Amino acid sequence: MNEYPSPFHPASAADYLPLTQLRQLQLQRLQAAVTRSYEYVPLFRERMRERELTPAAVAGLTDIAKLPFTCKNDLRDTYPFGLFASPMDEIIRLHASSGTTGKPIVVAYTQQDIDIWSQVMVRSFAACGLHRGDIIQNAYGYGLFTGGLGAHYGAEALGATVIPASGGNTERQIMILNDFAVTAICCTPSYFLHLIERAVELNLKPRHLRVGVFGAEPWTDAMRQRIESIAGIQAFDIYGLSEITGPGVGIECPYHRGLHIFEDHFYPEIIHPDTCEVLPDGVEGELVLTTLSKQAMPMIRYRTRDMSLLYAEPCPCGRTIRRIRRINRRSDDMFIIRGVNVFPSQIESALLQVDGALPHYAIILTRDKGLDEMEIRIEVSSDVISDKVRAVEQLRTRLSHAIEHTIGIRSRVTLVGPRTLARSEGKLNRVQDLREG
């Protein structure tokens with residue numbers, strides 16, 4: 001583990017609260033959030049009345065299980081402002097997420113919400129060993145996407161120097177990394193891997209970079225190992241979602257034993273994705289989050305669709321806030337091929353076990369004569385493509401066997417050259433479903 005000189009930032013004190021004090025604070029904030037939602041959000045009030053509940057029903061933290069869930073469709077159905085709990089003259093910012101279908105979901109912030117968002121981002125950066133004096137290149141997209149401004153405000157509040165590079169323009173990103181002596185970068189892991197591979201090709205590997213804060217898409221430990229080995233940095237996974245606040249809901253510490261959830265502001269639960277039963281610590285299920293301090297748009301028991309589990313044992317770093325296992329799959333990015341459940345992260349894990357393959361791939365789903373078929377297009381290094389046909393076929397066979405061993409079914413594997421597949425500085429959609437019906 002790399003140790004970095006990181007002064008104790010005052011905002012991080014809440015990470016180490018005694019558990020009795022933390023639980024008391026959570027209950028107080030939960031009761032206030034439920035009351036606020038009941039008074040100002042018609043949909044929540046209606047669902048509470050259907051259950052014959054009032055805010056008084058929350059007498060302890062375990063009573064959260066009585067409350068109704070919120071899901072993404074609720075934001076779409078009440079578009080644009082139907083879940084707001086603050087009047088418009090108190091809302092100072094709106095963000096939106098494009099989603100996958102229909103109109104975007106809209107999220108809102110009061111000044112207090114923005115301040116708390118900045119605080120949890122400060123705690124996130126501090127957990128990564130960053131501090132005043134660091135130079136942070138923010139390559140998340142700015143605009144309606146929450147990533148850019150969320151990281152920006154947090155880095156400034158930390159006291160670091162922020163470079164608002166935004167997304168895209170890889171050659172310029174590499175120039176900035178080197179010329180501005182950047183010590184940390186924020187972006188998606190898939191985009192950074194593309195960026196650093198290009199930098200190595202140009203013999204412009206960053207000299208000062210030591211930390212990467214990567215989020216906005218699931219990624220595996222194999223991806224982390226590849227990033228760290230090529231770039232010579234320590235890679236941290238940051239977690240967040242627009243519906244809750246944006247980035248800064250959770251972060252890894254240098255021990256990399258899960259992501260600490262800032263549960264003085266975001267209360268985590270794990271439920272069975274089908275039965276909605278609350279599961280005990282250590283059991284995998286769907287992560288559900290409740291905002292404990294959000295004013296403009298409180299989220300009560302929001303179903304994230306991210307699959308994880310809660311760790312009960314203490315972390316060596318001393319933080320008392322709980323951890324979740326890193327997110328590498330979702331309950332709704334699964335697809336079914338010939339009766340077998342498949343997650344894209346399984347494909348990534350398999351191909352990274354084979355030398356010569358690059359962690360850039362695309363999954364194409366088709367239907368031929370009524371049967372579902374899956375093709376996996378995988379980038380391989382230029383020296384492999386230029387090798388003899390026999391060597392290329394041997395690599396394709398090894399990849400095909402590795403994938404079949406991992407997911408349990410055979411698929412068609414196609415090898416393509418470097419930088420053949422689409423890149424994205426935002427969330428990367430690796431699956432193209434071309435099946436009819």
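Domain bounds here come from an automatic or database domain assignment. In this predicted model, that assignment gives domain 1 (1-330) and domain 2 (335-433). The centres of domain 1 and domain 2, taken over C-alpha atoms, are separated by 30 Å.

The contact between the two parts was examined next. On the side of domain 1, 19 residues are in contact with 17 residues of domain 2. The size of an interface is often given as the accessible area lost when the parts come together. For domain 1 and domain 2, the buried area is about 1600 Å². Carbon and sulfur atoms give 58% of that area. Within domain 1, the residues that lose the most area to domain 2 are His194, Thr220 and Arg226. Together they account for 25% of what the domain 1 side buries.

Polar and charged pairs cross this interface. The rule finds 1 salt bridge between domain 1 and domain 2. Glu201 forms a salt bridge with Arg419. The closest N and O atoms of Glu201 and Arg419 are 2.6 Å apart. Polar contacts across the interface of domain 1 and domain 2 amount to 3 residue pairs, with both residues at pLDDT 80 or more. Two helices, H7 (189-201) and H8 (221-231), each supply at least two residues of the domain 1 side that touches domain 2. H7 gives the most to that side, with 6 residues. By class, the side of domain 1 that touches domain 2 holds 6 nonpolar, 7 polar and 6 charged residues.

Backbone geometry was then considered. Most residues other than glycine have a negative phi, and most peptide bonds are trans. The peptide bond from Tyr79 to Pro80 is cis, with omega near 0°. Pro80 is placed in the loop between helix H3 (72-77) and strand S1 (93-97).

Positive phi values occur at several positions. Arg419 is not a glycine, yet its phi is positive, about 60°. Arg419 sits in the loop between strand S19 (412-416) and strand S20 (431-433). Because its relative accessibility is 44%, Arg419 counts as partly exposed. Asn203 also has a positive phi, near 60°, and is a residue other than glycine. The loop that holds Asn203 runs between H7 and strand S6 (211-214). Asn203 has 70% relative accessibility, so Asn203 counts as exposed, the cut-off being over 50%. Ala181, which follows H6, has a positive phi near 55°.

Helix H6 (residues 170-179) was inspected for its buried face. The buried residues of H6 are Thr170, Gln173, Ile174, Ile176, Leu177 and Asn178. These buried residues pack against three strands and one helix: strand S3 (135-138), strand S4 (161-163), strand S5 (184-187) and H7. H7 thus recurs, as H7 also gives the most residues to the side of domain 1 that touches domain 2.

In domain 2, strand S19 contains Val416. Val416 is buried because its relative accessible area is 15%, which is under 20%. The C-alpha atoms of Val416 and Val354 are separated by 15 Å. Along the chain, Val416 and Val354 are 62 residues apart.

Note on methods: Residues are numbered from 1 along each chain as its sequence is written. This is a predicted model: local features need pLDDT of at least 70, side-chain atom pairs count only at pLDDT 80 or more; totals for chains, interfaces and linings use all residues. Side-chain values use heavy atoms; hydrogens and water are left out. Contact means heavy atoms within 4.5 Å. Buried area is the accessible area (1.4 Å probe) that two parts lose on being put together, summed over both. A salt bridge is a side-chain nitrogen of Lys or Arg within 4 Å of a carboxyl oxygen of Asp or Glu. A polar contact is a pair of N or O atoms within 3.5 Å; within protein, one must be able to donate a hydrogen and the other to accept it, and residues adjacent in sequence count only if both atoms are side-chain atoms. Helices (H or I, at least four residues) and strands (E, at least two) are DSSP runs, numbered from the N terminus. Ala, Val, Leu, Ile, Met, Phe, Trp, Tyr, Cys and Pro count as nonpolar, Asp, Glu, Lys and Arg as charged, and the others, Gly among them, as polar. Buried means under 20% relative accessible area, exposed over 50%, partly exposed in between (1.4 Å probe, protein chains only).
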